[in-house]
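Subject: Handover of a structure and findings

Dear colleague,

I am passing the structure below to you for your records. Please look through it before reading the notes that come after it.

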Amino acid sequence: MKYNAGKYDIAVIGAGHAGCEAALACARMGMKTLLFSISLEAVANMPCNPHIGGSSKGHLVREIDCLGGEMGKNIDKTFTQLRMLNTSKGPAVYSLRAQADRKAYQAEMKHTLEKQENLYLKQAEIVDLCIESGKVKSVETNIGAIYEVDSIIVATGTYLKGKIFIGEVSFESGPDGVFPANKLSEALKREGVELVRFKTGTPARINKKSIDFSKMEIQEGDKNPEAFSFEDKIDPNVEQLPCYLTYTNEKTHEIIRANLHRSPLYGGEIKGTGPRYCPSIEDKVVRFADKERHQIFVEPIGRGTDEMYIQGMSSSLPEDVQIAMYRTLPGLENAEFTRPAYAIEYDCIKPDDLKLSLEYKKIDGLFFAGQTNGTSGYEEAACQGLIAGINASLKLKGKEPIILDRTQAYIGVLIDDIVTKGTNEPYRMMTSRAEYRLLLRQDNADLRLLEIGYKVGLVSEERYQKFLVKKKQIEDEIERIRNKTIKPTEKVNELLRKYNSSEITTGVKLVDLVKRSELTYKGLADIDEDRPELDEQVQKEVEIELKYEGYIKLQKEQVDKFKKLEEKLLPEDINYEDIKGLRLEARQKLNKVKPNSIGQASRISGVSPADITVLLIYLETYNK
């Protein structure tokens with residue numbers, strides 16, 4: 001028996017990292033929001049690695065925070081270790097990474113959802129969608145409840161027709177033994193949504209008491225760790241749990257090579273495409289046959305458990321093979337498994353079927369976010385969920401969507417990549433994907449995005465006013481340093497000699513000293529007598545802006561050129577088949593993607609510079 005369960009504004013299907021951000025954004029923007037999870041024990045689950053952030057992903061978390069999302073605040077409350085990565089390189093690639101207390105992270109996020117006004121968290125499987133005249137009407141649960149909604153956000157992660165593989169054994173399942181979502185795939189197909197199969201995996205978990213850490217390299221957290229959220233301060237006295245590093249060896253590789261015939265990955269049972277940048281251990285051994293060893297990280301899952309996560313050894317080999325190969329690693333000779341490694345195959349959509357707002361092109365009010373869009377990673381999922389939630393809410397309010405471009409945010413790079421180019425494998429964010437990464441640093445995420453979060457209603461007035469004060473402090477301090485002259489006194493030259501920096505014989509601007517590679521803004525405090533008291537964040541921003549001024553100026557000039565093409569908007573109703581001069585492949589690709597601008601059109605695979613010239617001529621005629 002089916003029954004009408006009520007009317008809501010937005011339904012979010014799936015309560016992983018994408019679904020949590022989407023639902024919170026919708027509810028905080030005043031929408032009456034439903035959030036469905038097959039199991040409430042799986043809300044904000046970390047079925048794979050128990051950490052947040054890392055190279056490029058840390059940028060995404062900071063950007064989520066500045067747009068009013070929750071991930072950064074949640075990990076700041078529940079971390080077990082914090083480390084800033086890539087500090088030997090430039091600030092463009094600095095990335096904060098946190099080990100998470102997996103259960104604490106889940107519990108904290110679930111409680112945040114439960115407390116949120118306008119948000120209704122429910123345990124149910126969505127088995128059907130009702131679409132009438134190309135517009136969203138309702139969702140139906142596995143027990144017959146029908147909820148009328150004006151918008152749907154699908155954020156199902158790896159649950160859509162999820163199938164787990166461990167050697168010769170396979171069975172239908174979502175991550176961590178939770179039921180898969182089988183019927184929703186059929187409902188989406190019925191509505192014309194094209195699905196593809198992707199694959200990911202996770203390593204075994206091992207009991208801590210069976211590990212000999214004396215044979216491994218220890219990795220401690222930072223002594224004065226930074227927070228992910230610009231609003232948070234981390235207590236340096238909080239106990240941080242260490243991680244450990246060990247390596248595979250030739251014996252490990254021999255066991256893997258001898259058992260490849262038992263791997264469903266090589267036996268053909270797994271049809272889905274796996275992530276190129278996070279391959280299984282058997283894939284690493286085959287693809288990088290010349291490498292004598294591979295790094296393996298041993299990480300705690302939380303403070304209240306002795307389970308350890310073995311980062312870098314995901315596998316679909318049989319459990320007996322897994323045990324044998326894991327025990328060849330230094331420190332894991334007596335390893336006792338608590339959970340074996342497994343591969344999981346799942347359905348996802350083709351993201352080039354989406355608009356840049358993450359709304360499905362052919363169905364009004366249907367949005368997709370997260371791994372359902374062919375991406376991998378908690379952070380990639382969360383940022384898409386936030387954008388989908390914002391845009392679904394703005395659409396119901398009759399407002400234009402928020403579209404972040406490649407010059408504004410890593411989020412903009414990610415969404416532009418998957419929507420414009422599509423992806424034939426699980427997409428992972430990397431700093432190398434961002435052309436303007438010197439401008440898209442993690443330290444200036446608030447300067448880039450916080451105003452947008454404020455305008456859509458996800459950043460409070462109090463936080464916004466504090467941000468304006470910080471922004472003015474940065475501007476004023478940069479101006480003061482530019483104008484201040486340092487005279488060649490003995491005190492000044494003594495300090496310069498201390499840092500092996502050339503002495504001065506005439507007065508120089510303080511900015512010229514700050515720009516010297518061997519000197520720092522903090523290190524010059526003793527000869528900068530009228531320096532104001534400033535927050536650590538302000539000081540860092542001032543130094544980076546001044547030290548890298550030349551490079552930043554150059555990149556801003558590149559951005560100006562980029563913007564000119566982005567500002568040349570293409571009408572939505574163009575039929576590219578009617579434009580003479582376009583090549584056949586270009587016409588097909590342009591009609592599929594329906595780019596917003598000449599700039600987006602230029603990034604579509606299969607559209608050549610000659611095609612762009614034809615479009616520019618057409619657009620000039622069209623505008624006249």
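The notes below set out what was found, topic by topic.

Please bear in mind throughout that this is a predicted model.

Nonpolar cores

The largest nonpolar core has 111 residues, and Val139 and Ile153 have the most contacts inside it. Helix α10 (residues 378–396) supplies the largest share of this core, namely 10 residues. A further core of 25 residues lies apart from it, and Phe213, Ile255, Val285 and Leu317 are among its members.

Val139 deserves a closer look. With neighbours within four places in sequence left aside, the residues in contact with Val139 include Ala11, Ile13, Phe36, Ile126, Tyr147 and Ile152. Several of these names return below.

Strand β11 and its partners

Ile153 belongs to strand β11 (residues 151–154), where Ser151 and Ile153 point one way while Ile152 and Val154 point the other way. All of these four residues are buried. Strand β11 pairs in the parallel sense with strand β2 (residues 10–13) over 4 bridges, and Ile152 in β11 is the bridge partner of Ala11. Strand β11 also runs parallel to strand β22 (residues 366–368), to which 3 bridges join it. There, Val154 has Phe368 in β22 as its bridge partner.

Aromatic pairs

The model contains 10 aromatic pairs. One of them is formed by Phe36 and Tyr147, which meet edge-to-face at 5.3 Å centre to centre, with 65 degrees between the planes. This pair links distant parts of the chain: Phe36 sits in strand β3 (residues 33–37) and Tyr147 in strand β10 (residues 145–148), 111 residues apart. Both Phe36 and Tyr147 are buried.

Another edge-to-face pair consists of Tyr436 and Phe562, with 5.7 Å centre to centre and 65 degrees between the planes. Tyr436 lies in the loop between α11 (410–421) and α12 (445–456), and Phe562 in helix α17 (residues 549–566), so this pair ties together parts that are 126 residues apart in sequence. Tyr436 and Phe562 are both buried as well.

Ring pairs also join Tyr8, Phe36, Tyr120 and Tyr147 into a cluster.

Charges over rings

Two arginine residues may be noted here. Arg62 lies over the face of Phe230, 5.2 Å from the ring centre. Arg433 lies over the face of Tyr427, at 4.1 Å from the ring centre.

A three-stranded sheet

In which order do the 3 strands of the open sheet lie? The order is β4-β6-β5, and the pairing is antiparallel. The edge strands, β4 (51–53) and β5 (79–85), each pair on one side only. From one strand to the next, the twist averages 20 degrees.

Strand β4 and strand β6 (residues 95–100) are paired in the antiparallel sense over 3 bridges, and Gly53 stands opposite Arg97 in β6. Helix α2 (residues 57–66) packs on the sheet and touches β4 and β6, its direction making about 75 degrees with that of β4. Helix α3 (residues 71–78), in turn, lies across β4, β5 and β6 and runs at about 115 degrees to β5.

Two residues to begin with

As starting points for viewing, I would suggest Val139 and Ile153, the residues with the most contacts inside the largest nonpolar core. From Val139, one may go on to Phe36 and Tyr147, which are among its contacts and which form an edge-to-face pair. From Ile153, one may follow strand β11 to β2 and to β22.

With kind regards

How values were computed. Residues are numbered from 1 along each chain as its sequence is written. This is a predicted model: local features need pLDDT of at least 70, side-chain atom pairs count only at pLDDT 80 or more; totals for chains, interfaces and linings use all residues. Side-chain values use heavy atoms; hydrogens and water are left out. Rings of Phe, Tyr and Trp (its six-membered ring) pair if their centres lie within 6.5 Å; planes under 30 degrees apart count as stacked, over 60 as edge-to-face and the rest as tilted. Helices (H or I, at least four residues) and strands (E, at least two) are DSSP runs, numbered from the N terminus. Buried means under 20% relative accessible area, exposed over 50%, partly exposed in between (1.4 Å probe, protein chains only). A charge sits over a ring if NZ of Lys or CZ of Arg is within 6 Å of the ring centre and within 35 degrees of the ring normal. A nonpolar core is a set of buried Ala, Val, Leu, Ile, Met, Phe, Trp, Tyr and Cys residues joined through side-chain atoms within 4.5 Å. Contact means heavy atoms within 4.5 Å. Two strands pair if DSSP finds at least two bridges between them. Axes are lines fitted to C-alpha atoms, for helices over the stretch in contact, and angles run from 0 to 180 degrees between N-to-C directions.
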